[in-house]
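Reader: I'm new to this one. Can you walk me through it?
Author: Sure. Take a look first, then ask away.

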Amino acid sequence: MRDRLPSIVAILLLTCLVIGTWWAADYAQRAVPIDPPRRITHEPDHWASEFVLIRTDEAGTVINRLEGDYLEHFPDDDSYEIKMARAIGQQPGSPLTVATSDTAVMDQDGSRVVMTGNAHVHRQPDAENQPLDVKSHVLIVLPDEDVVYTDHPALVTHGNSTMNGKGMRYDNSTRQLQVHAATDVKISGQDTQERRARSSERTQQQP
């Protein structure tokens, strides 16, 4: 028995050491506060000044261009906030359009640009259409679809004709303009005569 006593004491000490180590680790884990998961807030993670963003088609042709004085990216919703924004649409086969505003937000993976404050879209004239201007407090541009629309009051100027209304939608690929709830429409006689002249020319050119 006396020969086994040192072994028994060693086992007891080892057991006490294991239990003490386990208790100390558990106590330390409970005593030390663990940082909660980081909250993703609407704070910019990177920014740029005097920037230019370009989108191309599959052939490498530039179809959209976005530029401004200052840009911030927000990781929570993957959006970009822009100051003094200027968006240029140059889709093949469509007139060039230029949209400007005091501020803008680009989101939805770049497929939507919400332009706010002195928002203005200008479509350059072509062989068959006079210039088109749309002014509103808010204009939403869909670069991939070549469409601009708003649910806010808007002033549309087409050549010498003007239309005031709440809500509008313009498709640059089809040249189709829709003005909702028009309150003041002024159609220029000069524009009507020019449209008739162009229509007459097309008719005479047909075989």
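**Strands, core and salt bridges**

Author: Strand β9 (residues 176-179) runs antiparallel to β8, and four bridges join the two. Keep in mind that this is a predicted model.

Reader: Which residue in β9 is the bridge partner of Asp171?
Author: Gln176.

Reader: And the hairpin of β8 and β9, how many residues sit between the strands?
Author: Four. Arg175 takes a positive phi there, near 60 degrees.

Reader: What does Arg175 form a salt bridge with?
Author: Asp126. The closest N and O atoms are 3.7 Å apart. The pair links distant parts of the chain, 49 residues apart. Asp126 is in the loop between β5 and β6, and Arg175 is in the loop between β8 and β9.

Reader: Are those two buried or exposed?
Author: In between. Asp126 counts as partly exposed because its relative accessibility is 29%. Arg175 is partly exposed too, at 26%.

Reader: Back to β8. What about β8 and β10, which sense do they pair in?
Author: Antiparallel, over four bridges. Strand β10 covers residues 182-186. Within β10, Val185 is the bridge partner of Met163.

Reader: And β7 with β8, over how many bridges?
Author: Ten: they pair in the antiparallel sense over 10 bridges. Thr157 stands opposite Thr162 in β8. The hairpin of β7 and β8 has two residues between the strands, and Gly159 takes a positive phi near 65 degrees in it.

Reader: New topic. Which residues touch the most other members of the largest nonpolar core?
Author: Ile82, Met115 and Val134. That core has 23 residues. Strands β2 (62-74), β3 (79-89), β4 (97-107), β5 (112-123), β6 (132-142), β7 (147-158) and β8 (161-171) each supply at least two of them.

Reader: What else is there besides that core?
Author: There is a second, separate core of five residues. It includes Val114, Val138, Ile140 and Leu142.

Reader: What is Ile82 in contact with, leaving aside its neighbours within four places in sequence?
Author: Phe51, Leu66, Glu67, Gly68, Tyr70, Leu71, Asp102, Thr103 and Ala104.

Reader: Glu67 has a charge to deal with. What does Glu67 form a salt bridge with?
Author: Arg65, with the closest N and O atoms 2.8 Å apart. Glu67 is buried, since its relative accessible area is 17%. Arg65 is partly exposed at 30%. Arg65, Glu67 and Arg86 are linked in a network of salt bridges.

Reader: How many salt bridges does the structure hold?
Author: Five. One of them joins the side chains of Asp107 and Arg112, at 2.7 Å from N to O. Asp107 counts as buried because its relative accessibility is 14%. Arg112 is partly exposed at 23%.

Reader: What about Arg123, buried or exposed?
Author: Buried, because its relative accessible area is 3%. Arg123 is in strand β5. Among its contacts beyond four places in sequence are Pro95, Leu96, Gln130, Tyr170 and Asn172. His158 is in contact with Arg123 as well. Their C-alpha atoms are separated by 9.6 Å, and the two residues are 35 apart along the chain.

Reader: Last one. Which residue in β5 has a positive phi although it is not a glycine?
Author: Asn118, at about 55 degrees. Asn118 is exposed, with a relative accessible area of 59%. Glu50 also has a positive phi, about 50 degrees. Glu50 lies in strand β1 (residues 46-56), and it counts as exposed at 62%.

Note on methods:
Residues numbered from 1 in each chain as written. Predicted model: local features only at pLDDT ≥ 70, side-chain atom pairs only at ≥ 80, totals over all residues. Heavy atoms only, no water. Core = buried A, V, L, I, M, F, W, Y, C linked by side-chain atoms within 4.5 Å. Buried < 20%, exposed > 50% of the residue type's maximum accessible area, 1.4 Å probe, protein only. Contact = heavy atoms within 4.5 Å. Pairing = 2+ DSSP bridges. Salt bridge = Lys/Arg side-chain N within 4 Å of Asp/Glu carboxyl O.
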